[in-house]
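Please consider how the helices of this protein pack against one another and what lies between them. The discussion below moves from helix pairs to the nonpolar cores and closes with a single strand residue.

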Amino acid sequence: KGLKVTKKGEYPITVGTGFSVAEVIISNEKINYTGIESPDVVIVTSDDGMEKIKNRIDDKTMVIMDSSLDAPDGCETITGDFRKRSGRKGAILTAIAFWLNQSALIPVDALKEAAGGHKHAKKLISAIENA
């Protein structure tokens with residue numbers, strides 16, 4: 001409670017193909033700028049996504065990534081079989097739930113609750129539970 005949050009998205013013109021990037025800032029303080037130049041955490045499950053963000057990763061960035069990807073040099077990485085567990089489309093949600101379980105920033109049950117109102121709630125909640 002009391003957190004400030006912003007989200008900025010970048011998607012290819014043909015939604016559903018290629019990369020998608022969502023920059024999320026979560027802070028206790030007021031957020032004045034919504035861009036992220038040097039992320040604290042990167043969660044990536046595809047080669048396209050890694051290619052898009054790899055130049056923004058530095059030695060202070062924690063990278064949570066699918067085990068099928070090549071890890072970038074010089075940063076902390078945690079890998080998981082997110083694509084095997086949830087498929088190509090569900091992998092990122094599984095990886096996010098994995099990170100939330102590790103960080104305890106936001107309860108995973110809150111993510112499940114948010115997914116519960118979606119028309120594909122069963123699939124989304126399944127991907128979250130695969131973490």
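**Helix packing and nonpolar cores**

The crossing of α2 and α4 is right-handed. The structure is a predicted model, and the description that follows should be read accordingly. The axes of these two helices, α2 and α4, come within 7 Å and cross at roughly 55°. Angles of 35 to 65 degrees fall outside the parallel and perpendicular classes and count as oblique, and α2 and α4 are therefore oblique to each other.

On the α2 side, the contact is formed by Ser-86, Gly-90, Leu-93, Thr-94 and Ala-97; on the α4 side, Leu-124, Ala-127 and Ile-128 take part. By class, the residues of the contact of α2 with α4 comprise 5 nonpolar, 3 polar and no charged.

Helix α4 also packs against α3. Here the angle is about 165°, and the axes lie 9 Å apart. Because angles over 145 degrees count as roughly antiparallel, α3 is roughly antiparallel to α4. The crossing of α3 with α4 is right-handed. From α3, the residues Val-108, Leu-111, Lys-112 and Ala-115 meet Ala-121, Leu-124, Ile-125, Ile-128 and Glu-129 of α4. This contact of α3 with α4 has 7 nonpolar and 2 charged residues, with no polar ones.

Ile-128 belongs to both of these helix contacts. Leaving aside residues up to four places away in sequence, Ile-128 touches Leu-93, Ala-97, Val-108, Leu-111, Lys-112 and Ala-115.

Ile-128 also leads into the interior of the model. The largest nonpolar core has 13 residues, and Ile-64, Phe-82 and Ile-128 are those with the most contacts inside it. At least two residues of this core come from each of α2 (82-103), α3 (108-115) and α4 (121-129). Helix α2 gives the most to the core, with 8 residues. A second, separate core has 11 residues, including Phe-19, Ile-57, Met-65 and Cys-75.

A last point concerns a strand. Thr-6 is located in strand β1, which spans residues 4-10. Is Thr-6 buried or exposed? Its relative accessibility is 14%; because buried means under 20%, Thr-6 counts as buried. Not counting residues up to four places away in sequence, Thr-6 touches Glu-23, Val-24, Ile-25, Ile-31 and Thr-34.

Terms used
Residues are numbered from 1 along each chain as its sequence is written. This is a predicted model: local features need pLDDT of at least 70, side-chain atom pairs count only at pLDDT 80 or more; totals for chains, interfaces and linings use all residues. Side-chain values use heavy atoms; hydrogens and water are left out. A nonpolar core is a set of buried Ala, Val, Leu, Ile, Met, Phe, Trp, Tyr and Cys residues joined through side-chain atoms within 4.5 Å. Buried means under 20% relative accessible area, exposed over 50%, partly exposed in between (1.4 Å probe, protein chains only). Helices (H or I, at least four residues) and strands (E, at least two) are DSSP runs, numbered from the N terminus. Contact means heavy atoms within 4.5 Å. Axes are lines fitted to C-alpha atoms, for helices over the stretch in contact, and angles run from 0 to 180 degrees between N-to-C directions. Angles under 35 degrees count as roughly parallel, over 145 as roughly antiparallel, 65 to 115 as roughly perpendicular and the rest as oblique. A crossing is left-handed if the near helix is turned anticlockwise from the far one by less than a right angle, and right-handed if clockwise. Ala, Val, Leu, Ile, Met, Phe, Trp, Tyr, Cys and Pro count as nonpolar, Asp, Glu, Lys and Arg as charged, and the others, Gly among them, as polar.
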